[in-house]
Amino acid sequence: MEKQPRLLASQLFLKNSVFEVLLNGVLLTWKEIPANKKVVSGSIHHPFKVGTSHSVSVSEILAVRELDVGGGTNDDGRWQKMPQKLTEAYPYAFTVSYVERARQHRWRCSDVTFHCSDGALRQQWIQTIREQLTALTSRPKHLLVYINPYGGKQQGECIYEQKVAPLFACASISTDVIVTEHANHARDHLKTEAELKKYDGVVCVGGDGMFSEIVHGLVSRTQRDNGVDQNSPEEKLVPCSLRIGIIPAGSTDCICYATVGINDPVTSALHVIVGDSQPMDVCSVHHNNTFLRYSISLLGYGFYGDVLADSERKRWMGPARYDFSGFKTFLTHHHYEGAVSFLPATDILGTPRDKTRCRAGCFICQHNGQLYSGDSPDESKTAPDVSDREYEVGWGVVRGKFLAINAASMSCACPRSPMGLSPAAHLADGTTDLILVRKCSRFNFLRHLLRHTSKDDQFDMTFVEVHRVRRFRFTPRHCQNDSELDLRENGKQLFSQICRDHPACSCSPAYSSWNCDGEILPHAAIEVGVHCQLIKLFARGIEEQPLFEDLANPPCAL
């Protein structure tokens, strides 16, 4: 690594000691000077002298501001009590705000205040640091913020005003804030009214549903502006230029957890401020050449579709409805017949069972993303007719009775399921992990569900198979010769002959529902394609935990 030239080096006062403070294009470093030793210019920074030496990346400095030592306050209005001797000897001070890492991927804003002997030196430090921050072109300066006041515990506005807005103001980020008034308010505003050229990014304060609104609005607007037909499953979509930030204020916040490692508003706000960028894949879902929805995390048919459909009828229960519906769906143990055809992802790095986690700077995402951008010839091949041959043009077909069909475009990890549905799934490799759970006993299915909370191989079961795919198509058995299945129109007819509410008769419904990121799709027969790195988030992926933190928190023995 090329050595960075010094921009500034001075002896400044900090915490009753004199420090050698050094700034180059990469780091701001301050090292305590021993009182009984003569200072040697250019002394070497030793990172393992805990308590005497500190370094902060310039890219993670949030702001620098002048401190009025005599008046006792800084420009934030916070009162500062200064010792009399310090005030007399070092009457000029400035404060640097920066990112400090805590445990479990949590970020915090910390301040360090340096005291100078003259005003010219202080201004030199402030000006030089600000010049370095201005040169960071990836940082946003103007953001469009949508707040969902109804999501989660209805704390969206409070979270933004108390925890996020002060940080944006500290970093000199201007914002236009819109508090949504109804469902799809943000989506419709982005699609039609928002002047996107004014902004460097879009931030949503809410849960996964709010994030999905932002994605649908932004992606649809981008395709419309570029003349792309979203109704064509074969169309290559244009990536969005604006990054999206997520301030978690929902019930699960799966997207935030999978891209940052924790659901914490302050941590997410700091990722926005430093201008992080994490590309993400997006799946488009079609039925008979008609666009239905985009999916970012999970598409689930069978178990997860039934849980969502049942929970929607019990919204009066609040968040507890998910646990109740999950338990009820597990007991009913319905299976569904159909055929899944899929285009495997070939010539890529990584498999769903290789135990390689997607982390910050993921090499697999970088490699496979570059490979995907080369337009593989298999991409243009349409799905085969599942009623004809088992294999056609590189596509595979699996028929059977399924308890669950899941497509995970990320690990789908959350605090309640730290490993997620597919622990080795990647955020930006142009694929989705297609998980097929065949009909089995309740006991075996329970074993499969419990694997989501353990470190065991989730797919090491005879009734479970997983494929890393670029496209797939599902056709229910009773629909294989039909041109269209619309559950909204035919629902009464389809379910009139099914004893769904009477498990004693051991009847199973013919069709389930697709759970698309928490929304029910109106069709059972769908075609899904993965669009590599279609959007970008203000995130960097989950950072590897420091070694000392792992040793301090050994796994608990059961």
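Reader: His287: buried or exposed?

Author: Buried. In this predicted model, the relative accessibility of His287 is 5%.

Reader: Where is His287 found?

Author: His287 is in strand β13.

Reader: And what does the side chain of His287 make a polar contact with?

Author: With the side chain of His523. The distance is 3.3 Å.

Reader: What about His185? Which helix is that in?

Author: His185 belongs to helix α4, which covers residues 185-192. His185 is buried too, with a relative accessible area of 15%.

Reader: So what is His185 in contact with, leaving aside its neighbours within four places in sequence?

Author: Four residues: Ile178, Val179, Thr180 and Glu213.

Reader: Let's switch to cores. How many residues has the largest nonpolar core?

Author: It has 63 residues. Tyr146, Leu190, Phe211 and Ile535 have the most contacts inside this core.

Reader: Which helix gives the largest share of this core?

Author: Helix α5, residues 208-225. Six residues of the core come from α5.

Reader: And where does this core lie with respect to the domains?

Author: Between domain 2 (138-277 + 538-558) and domain 3 (282-294 + 329-530), because both give residues to it.

Reader: You named Phe211. What is Phe211 in contact with, its neighbours within four places in sequence left aside?

Author: Cys204, Ile244, Ile246, Ile255, Ile296, Ile535 and Leu537. Ile535 is also among the residues with the most contacts inside the core.

Reader: Which residues are in the other core, the one that lies apart?

Author: That core has 25 residues. Val398, Val469, Phe472 and Phe474 are among them.

Reader: Why would nonpolar side chains be buried together?

Author: I can only give you the general tendency: in soluble globular proteins, nonpolar side chains tend to be buried together.

Reader: Fine. Cysteines next. How many disulfides does a search of the whole structure find?

Author: Zero.

Reader: Why is there no bond from Cys365 to the closest cysteine sulfur?

Author: The closest cysteine sulfur is in Cys358, and it is 3.7 Å from the sulfur of Cys365. That is too far for a bond, because a disulfide needs the two sulfur atoms within 2.5 Å.

Reader: Is Cys365 buried or exposed?

Author: Buried, at 6% relative accessibility. Cys240 counts as buried as well, at 7%.

Reader: New topic: β1 and β2. In which sense do they pair?

Author: Antiparallel, over eight bridges. One of the pairs joins Leu14 to its bridge partner Ser17 in β2.

Reader: What do β1 and β2 form, and how many residues are between them?

Author: A hairpin, with two residues between the strands. Lys15 sits in the turn and has a positive phi of about 50°.

Reader: What about Asn16? Where is that found?

Author: Asn16 is in the loop between β1 (6-14) and β2 (17-24). Its phi is positive as well, about 65°, although Asn16 is not a glycine. Most residues other than glycine have a negative phi.

Reader: Asn16: buried or exposed?

Author: Exposed, with a relative accessible area of 64%.

Reader: And Asn289? What is its phi?

Author: Positive, about 60°, and Asn289 is not a glycine either. Asn289 is in the loop between β13 (278-287) and β14 (290-295). Asn289 is exposed, with a relative accessible area of 56%.

Reader: Back to β2. How many of its residues are buried?

Author: Six of eight, so β2 is mostly covered.

Reader: How many bridges pair β2 with β3?

Author: Five, in the antiparallel sense. β3 covers residues 27-32. In β3, Thr29 is the bridge partner of Leu22. β2 and β3 form a hairpin too, with two residues between them.

Reader: Now helix α8. Why is it largely enclosed?

Author: Because nine of its ten residues are buried. The helix covers residues 303-312.

Reader: Which residues of α8 are buried?

Author: Phe303, Tyr304, Gly305, Asp306, Val307, Leu308, Ala309, Asp310 and Ser311.

Reader: Last one, the whole protein. How many helices and strands?

Author: 13 helices and 22 strands. The protein has 558 residues, and 53% of them count as buried. Among contacts between residues at least 6 apart in sequence, 74% join residues at least 24 apart.

Technical notes. Residues numbered from 1 in each chain as written. Predicted model: local features only at pLDDT ≥ 70, side-chain atom pairs only at ≥ 80, totals over all residues. Heavy atoms only, no water. Buried < 20%, exposed > 50% of the residue type's maximum accessible area, 1.4 Å probe, protein only. Helix = DSSP H or I, 4+ residues; strand = E, 2+ residues; numbered from the N terminus. Contact = heavy atoms within 4.5 Å. Polar contact = N/O pair within 3.5 Å; in protein donor to acceptor, adjacent residues only side chain to side chain. Core = buried A, V, L, I, M, F, W, Y, C linked by side-chain atoms within 4.5 Å. Domains from an automatic or database assignment. Pairing = 2+ DSSP bridges.
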